[in-house]
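Open the model in your viewer and keep the selection box ready. We will go stop by stop.

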Amino acid sequence: MRPLLPEMKKYFNMCWLHNRHFQVPLPLVGGVVRQHGLPAYQFLITRQVLGSVTLDVALNSEPQPQRRELLRELAQEVGRMHALSFVHHDLFPRNILVAPADWPRRILFLDLWAGGDCMHFRSPAYDLGGFLLESAPLLEAGERRQLLEDYRTSCQSQGRPAPLDLLDRIGVQYKKLRARLAQQPDRLRGQPLPENWAEMERSLRAN
C-alpha cells in the first residue's frame, strides 16, 4: 500500500476531525495526479471560511474578553483532541484559524498533514511545546498559565487526565524546537528567538 501524500493526509485528517465535531475548513476533495506511476502534483480543495484570520492575527487585534474566550476554546478543543489520541503535530498560531465573531465556535484547525489519530512518534506535549514557543510574543504569562489549566480541565472532562509531569514533558519538546529555530534563523521571519525554557517555565509555575 502506498503511503499517503501530504494533501491526502490533510484530507483524511480533516474528515476525521470534522466527523468528531471539531471545526476545520470543510474538506471537499483531495487527490494526486500521477505520471508514469509517480506523483506529479497533489491538491486539496476546502470550503472557504469567509472573514477568518489566523490566530496570530486575531490575538493582535481582538479585545478582551474575546481574546480570553478564543484561548479558552482553543485549550478545550486541543484537550479534547488529545483525549481522542489525535496529535496535530504543527499546532502553531499560523495553523489555527479564527472565524468571525458571530460564529458560536470560532477555532478551526489547519495544516493537518503530519498528525493523526494512529500510532505516531509525536506526543501531546509536542503540540503544546510548539504552541507555547511560537506564541511566546503573543501571550502574557497569565494567559499561558490559564491556557494550560483549561487544557488540563478539558482532558479531565474527557476521562483522559493530563499527566502529572505535563510541564516537564512540554519542556523537553520546547527546548528541542527552540534549538531547531536557533539553527534555522530564517524561520523566525525577522523576529527574535523566543525566551528559553527556564524563563518560560518560571512564568508557567508562578502563582
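Where does Pro65 lie? Select Pro65: the residue sits in the loop between α2 (55-61) and α3. This is a predicted model. Now add Gln64 to the selection. The peptide bond from Gln64 to Pro65 is cis, and its omega is near 5°.

**Along α3**

Move on to helix α3, residues 66-83. Pick Gly79 within this helix. Is Gly79 buried or exposed? Its relative accessibility is 0%, so Gly79 counts as buried. Show what surrounds Gly79. Beyond residues up to four places away in sequence, Gly79 touches Tyr151, Ser154 and Cys155. Take Tyr151 and draw a C-alpha to C-alpha distance to Gly79: the value is 5.1 Å, with the two positions 72 residues apart in sequence.

**The three-stranded sheet**

Colour β3, β4 and β5 next. They form an open sheet of three strands in the order β3-β4-β5, and the pairing is antiparallel. β3 (53-54) and β5 (107-109) are the edge strands, each pairing on one side only. Keep α3 in view here. This helix packs on the sheet and touches β4 and β5. The direction of α3 makes about 45° with that of β5. Zoom in on β3 and β4 (residues 96-98): two bridges join these antiparallel strands. Select Thr54 and look across to Leu97 in β4, which stands opposite.

**The loop between α3 and β4**

Select His88, which lies in the loop between α3 and β4. His88 has a relative accessible area of 0% and is buried. A polar atom of the His88 side chain lies 3.0 Å from the backbone nitrogen of Asp90. Which residues is His88 in contact with, leaving aside its neighbours within four places in sequence? The list includes Met81, Asn95, Phe109, Leu110, Asp111 and Asp127.

Follow that list to Asp111. Its place is in the loop between β5 and α4. Asp111 is not a glycine, yet its phi is positive, at about 50°. With 27% relative accessibility, Asp111 counts as partly exposed.

**Aromatic pairs**

Switch on the rings. The count comes to three aromatic pairs. Start with Tyr11 and Phe12: this pair is edge-to-face, 5.3 Å centre to centre, with 80° between the planes. Phe12 is partly exposed, at a relative accessible area of 42%. Then select Trp16 and Phe86. Their rings are stacked, 5.1 Å centre to centre, with 25° between the planes. This pair links distant parts of the chain, 70 residues apart: Trp16 is in helix α1 (residues 6-19), Phe86 in the loop between α3 and β4. Trp16 is buried, with a relative accessible area of 14%. Phe86 counts as buried too, at 0% relative accessibility.

**From α1 to the hairpin**

Step to His21, in the loop between α1 and β1. Its phi is near 70°, a positive value in a residue other than glycine. His21 counts as exposed, at 60% relative accessibility.

Continue to β1 (residues 27-35) and β2 (residues 38-46). Eight bridges join these strands, which run antiparallel. Label Val33 and find its bridge partner in β2, Tyr41. β1 and β2 form a hairpin with two residues between them. In the turn, select His36, where phi is positive at about 55°.

**Last stop: α7**

Select helix α7, residues 197-205. Begin just before it, at Asn196, which caps the N-terminal end of α7. A side-chain oxygen of Asn196 lies 3.2 Å from the backbone nitrogen of Ala198.

Which residues of α7 are buried? They are Trp197, Met200, Ser203 and Leu204. Look down the axis: the buried residues of α7 fall within an arc of 130°, so they line one face of the helix. Their cover includes α4 (124-134), α5 (141-157) and α6 (166-183).

Finish on Ser203, which counts as buried at 13% relative accessibility. A polar atom of its side chain lies 2.7 Å from the backbone oxygen of Met200. Not counting residues up to four places away in sequence, Ser203 touches Ala141, Arg144 and Arg145.

Definitions and conventions: Residues numbered from 1 in each chain as written. Heavy atoms only, no water. Helix = DSSP H or I, 4+ residues; strand = E, 2+ residues; numbered from the N terminus. Buried < 20%, exposed > 50% of the residue type's maximum accessible area, 1.4 Å probe, protein only. Contact = heavy atoms within 4.5 Å. Pairing = 2+ DSSP bridges. Axes fitted to C-alpha atoms, helices over the stretch in contact; angles between N-to-C directions. Arc of directions from axis to C-beta. Polar contact = N/O pair within 3.5 Å; in protein donor to acceptor, adjacent residues only side chain to side chain. Phe/Tyr/Trp six-rings, centres within 6.5 Å; stacked < 30°, edge-to-face > 60°.
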